[in-house]
Amino acid sequence: MSARAGIIVTGTEVLTGRVQDRNGPWLADQLLELGVELAHITICGDRPRDITAQLRFLADEGVDLIVTSGGLGPTADDLTVATVAEFCGRELALDVAMEERIAAILRRLIGDRPGVDFDAVRAANRKQAMVPVGAEVLAPVGTAPGVVVGGDGPTIVVLPGPPRELQPMWHTAVATEAVQQAISGRTQYRQEMLRMFGLAESGLAETLREAEGAIAGFDALEITTCLRRGELEIVTRYEPDAADAYRDLVTLLRDRHGATLYSEDGTTVDEQVAGLLAGHRIATAESCTAGLLAARLADIPGCSDYFAGGVVSYSNEAKAEMLNVDPVLIAECGAVSEPVVESMVNGALYHFGADTAVAISGIAGPDGGSPEKPVGTVCFAVRAGSVAITRTLLLPGNRSDIRERATTVAMHLLRRALTGVGD
């Protein structure tokens, strides 16, 4: 069995949502790279009883390593080191050398600032130099040192809360003998990601149930699925000896859902579009998405070299004036229609001197729908050279959902057009 770890994120501000936890996900990635299995991430407030409960829970779970973040400051609510010391049965003792080091840091920070009582500041920060007897002290990045406590039970690494301090200190902690011993049973996991678009979660779930009985060694694959931006992300983690099982899984998914499996190496549709746009000049014309597609394209690294610009035209007058859409066409077909969105894409091509363009017009709501065209009706037109794609879809959700899904659909239609797949 691989080495196992648990993470305890402390801080009432994190528990209540005032501050977003950035340390837990970052530490999880670091443990994965080390080949350490992460069993749990817990969050608790700055209360010794609650911190102790999390330590006891993880120790009872049999983890080899516990990593805490937060609670190392000089104020009364920063109690993590003292709580860990008591949990491990260690006394706290003043590290004189560390006290002097912290004082030197404070002197640099305070400088000649008037009205500051340095002795009072030093006294307040003295608690940061109180460390468990026998612990290895990690040099501070800010003013708070970390500690590594080994011995009986899991090794505990106590790190500060600010990510700019925690991240460099983590690398120091990993190099300590206590941590290396705790993770000595680690396995170098592999992690792969597949991306699908156009497949319902239920369809994927059915295929995975089939795979369970059809693929030898399937139970050695740790598979996580996530629906994001209307796409399915399938993340699989496995030990090297399960590589054949993962290869068989990819083959099965390709055979069953090849039309929807657009990425086998984890690259996003945005990254793929960026590569395909090389040598092109692209423009956008948007109505219901309020320029979100243009913003998405402009944010993709490298796409700014190919993105000529975009028009956001909600009113019929704007469509006529800025995109040359015939008002008669709008009156006959409606602003949300395939003929109008095709005219919009032609207008974008003309006005921006582009060879590639995407147009979107829809009803994002919450009002404005009709029995023939309910809220969520969105029309798309894409042109890439001689390749043309036109679609009308009914997208679920509220206004924000429809806009986000519409931009994702547009990116996938653009990808298809740039690869030469038209209607």
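Asn324 is partly exposed, with a relative accessible area of 44%; here buried means under 20% relative accessible area, exposed over 50%, and partly exposed in between, using a 1.4 Å probe and protein chains only. This residue sits in the loop between α13 (316-323) and α14 (327-333), where helices (H or I, at least four residues) and strands (E, at least two) are DSSP runs numbered from the N terminus. Although Asn324 is not a glycine, its phi is positive, at about 60°. Ala290 gives another example of a positive phi outside glycine, with a value near 55°. Ala290 belongs to the loop between β13 and α12, and its 36% relative accessibility makes it count as partly exposed.

Before going further, a word on the model. This is a predicted model, in which local features need pLDDT of at least 70 and side-chain atom pairs count only at pLDDT 80 or more, while totals for chains, interfaces and linings use all residues. Residues are numbered from 1 along each chain as its sequence is written, and side-chain values use heavy atoms, with hydrogens and water left out.

Let us step back to the overall layout. The protein is divided into domain 1 (4-183), domain 2 (190-263) and domain 3 (272-419), with bounds that come from an automatic or database domain assignment. Taken over C-alpha atoms, the centres of domain 1 and domain 2 are separated by 38 Å.

Met169 makes a good stop in helix α7 (residues 163-174). Why does Met169 count as buried? Its relative accessibility is 1%. Leaving aside neighbours within four places in sequence, Met169 is in contact (heavy atoms within 4.5 Å) with Leu138, Ala139, Pro140, Val141, Ala144, Pro145, Gly146, Leu159 and Pro160. From Met169 to Val269 there are 100 residues in sequence and 35 Å in space, C-alpha to C-alpha.

Now follow the chain to a sheet. Strands of a sheet pair through backbone hydrogen bonds, either parallel or antiparallel. In what order do the strands of the open sheet of 4 strands run? The order is β10-β11-β9-β12, with antiparallel pairing; two strands pair if DSSP finds at least two bridges between them. β10 (222-228) and β12 are the edge strands, each pairing on one side only. On average, neighbouring strands of this sheet are turned by 30° against each other, direction ignored. Strand β9 (residues 190-197) and β12 run antiparallel and are joined by 2 bridges, and Met196 stands opposite Leu261 in β12.

Two helices pack on this sheet. Helix α9 (residues 201-214) touches β9, β10 and β11, and its direction makes about 170° with that of β10. For such angles, axes are lines fitted to C-alpha atoms, for helices over the stretch in contact, and values run from 0 to 180 degrees between N-to-C directions. Helix α16 touches β9, β11 and β12, its direction making about 95° with that of β9.

Helix α16 (399-418) also helps to cover the buried residues of α11, as do β11 (231-238), β12 (261-263) and α12 (292-299), among others. Which residues of α11 (residues 269-276) are buried? They include Val269, Asp270, Gln272, Val273 and Ala274.

Aromatic rings come next. A pair of aromatic rings is described by the distance of the centres and the angle of the planes. Rings of Phe, Tyr and Trp (its six-membered ring) pair if their centres lie within 6.5 Å, and planes under 30 degrees apart count as stacked, over 60 as edge-to-face and the rest as tilted. The count by this rule comes to 1 aromatic pair. Tyr238 and Tyr246 form it, stacked at 5.1 Å centre to centre with 20° between the planes. Tyr238 counts as buried at 4% relative accessibility, and Tyr246 is buried too, with a relative accessible area of 8%.

The tour ends at another open sheet, where 5 strands with mixed pairing follow the order β14-β13-β15-β16-β17. Its edge strands, each pairing on one side only, are β14 (307-312) and β17 (387-394). From one strand to the next, the twist averages 10°. Strand β13 (residues 282-286) pairs with β14 in the parallel sense over 5 bridges, and Ala283 stands opposite Gly309 in β14. The chain crosses from β13 through α12 to β14 in a right-handed β-α-β crossover: with the strands pointing away from the viewer, the path from the first strand over the helix to the second runs clockwise. Finally, helix α15 (residues 338-352) lies across β13, β14, β15 (356-362), β16 (377-384) and β17, running at about 140° to β15.
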